[in-house]
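I open this notebook to record what I looked up in the structure shown below. The entries go from the whole chain to single residues.

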Amino acid sequence: MSPGVVDFLFRRLVAGEPAEDVQWGKEGTALAVQPPGAELARRLAETDLDALTPTELFHYVRAAQRLAAWAEALRETAVGRYCSAPPAPYGERRGA
């Protein structure tokens, strides 16, 4: 755990507050319920992993897994469509 996370947790506990960053949840959709797509990818890419608590890191990993599964489903759909598409007429394949 990074020194910043330890400091954050210590300050929260001394103040009698929960160890989770509840403000993050108030600012928008939690990663745990963010639907897969471009917004989730952006949020994951912009997250400072060293600043996450263990619970937040767990939710980060789960969100990344959801995003990967979603992207894999898109890929499989595209491959299926590509493989089942009828071949283009001869003139179209050559750019004529």
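**Entry 1. The surface and the whole chain**

I asked first: about how many Å² does the protein chain expose, and what percentage of it do carbon and sulfur atoms supply? The protein chain exposes about 7200 Å², and carbon and sulfur atoms supply 61% of it. Accessible areas come from the Shrake-Rupley method with a 1.4 Å probe, and for residues only the protein chains shown count as cover.

I noted that this is a predicted model, in which local features need pLDDT of at least 70 and side-chain atom pairs count only at pLDDT 80 or more, while totals for chains, interfaces and linings use all residues. Residues are numbered from 1 along each chain as its sequence is written, and side-chain values use heavy atoms, with hydrogens and water left out.

I then looked up the secondary structure, and the protein chain has 5 helices and 0 strands. Helices (H or I, at least four residues) and strands (E, at least two) are DSSP runs, numbered from the N terminus. Read from the N terminus on, the order is α-α-α-α-α.

Of the 96 residues in the protein chain, 17% are buried. Buried means under 20% relative accessible area, exposed means over 50%, and partly exposed lies in between (1.4 Å probe, protein chains only).

I also looked up contacts, where contact means heavy atoms within 4.5 Å. Among those in the protein chain with a separation of 6 or more, 51% join residues 24 or more positions apart.

**Entry 2. The nonpolar core**

Which residues form the largest nonpolar core? I found 7 residues there: Leu31, Leu40, Leu44, Leu52, Tyr60, Ala63 and Leu67. The elements giving two or more residues to this core are α3 (38-46) and α4 (54-84). The largest share, 3 residues, comes from α4. A nonpolar core is a set of buried Ala, Val, Leu, Ile, Met, Phe, Trp, Tyr and Cys residues joined through side-chain atoms within 4.5 Å.

**Entry 3. The two sides of α3**

I next asked which residues of α3 are buried. They are Leu40, Arg43 and Leu44. Seen down the axis of α3, these buried residues fall within an arc of 100°, so they line one face of the helix. The arc is that of the directions from the helix axis to the C-beta atoms. On the other side of α3, I found Ala38, Ala45 and Glu46 exposed.

**Entry 4. Salt bridges**

How many salt bridges does the structure hold? I recorded 3 salt bridges. A salt bridge is a side-chain nitrogen of Lys or Arg within 4 Å of a carboxyl oxygen of Asp or Glu.

In helix α3, the side chains of Arg42 and Glu39 meet in a salt bridge at 2.5 Å, N to O. These two residues are 3 residues apart, about one turn of the helix. Arg42 also forms a salt bridge with Glu46, with the closest N and O atoms 2.5 Å apart. Glu46 and Arg42 are 4 residues apart in α3, again about one turn. Glu39, Arg42 and Glu46 are thus linked in a network of salt bridges.

I checked the accessibility of each member of the network. Arg42 is partly exposed at 37%, Glu39 is partly exposed at 36%, and Glu46 is exposed at 56%.

In helix α4, Arg75 forms a salt bridge with Glu72, the closest N and O atoms being 2.6 Å apart. Arg75 and Glu72 are 3 residues apart, about one turn of the helix. Arg75 is partly exposed at 44%, and Glu72 is partly exposed at 33%.

**Entry 5. Gly37**

Is Gly37 buried or exposed? Gly37 is buried, with a relative accessible area of 10%. I located Gly37 in the loop between α2 (22-26) and α3. Leaving aside its neighbours within four places in sequence, Gly37 is in contact with Leu67 and Trp70. From Gly37 to Ala68 I noted 31 residues in sequence and 9.8 Å in space, C-alpha to C-alpha.

**Entry 6. A nonpolar surface patch**

Last, I looked up a nonpolar surface patch of about 230 Å², made by Leu49, Leu57 and Val61. Patches are made of residues with over 30% relative accessible area and no salt bridge: like charges are joined within 9 Å, nonpolar side chains (Val, Leu, Ile, Met, Phe, Trp, Tyr) within 5 Å. Val61 has its place in helix α4, and at 40% relative accessibility Val61 counts as partly exposed.
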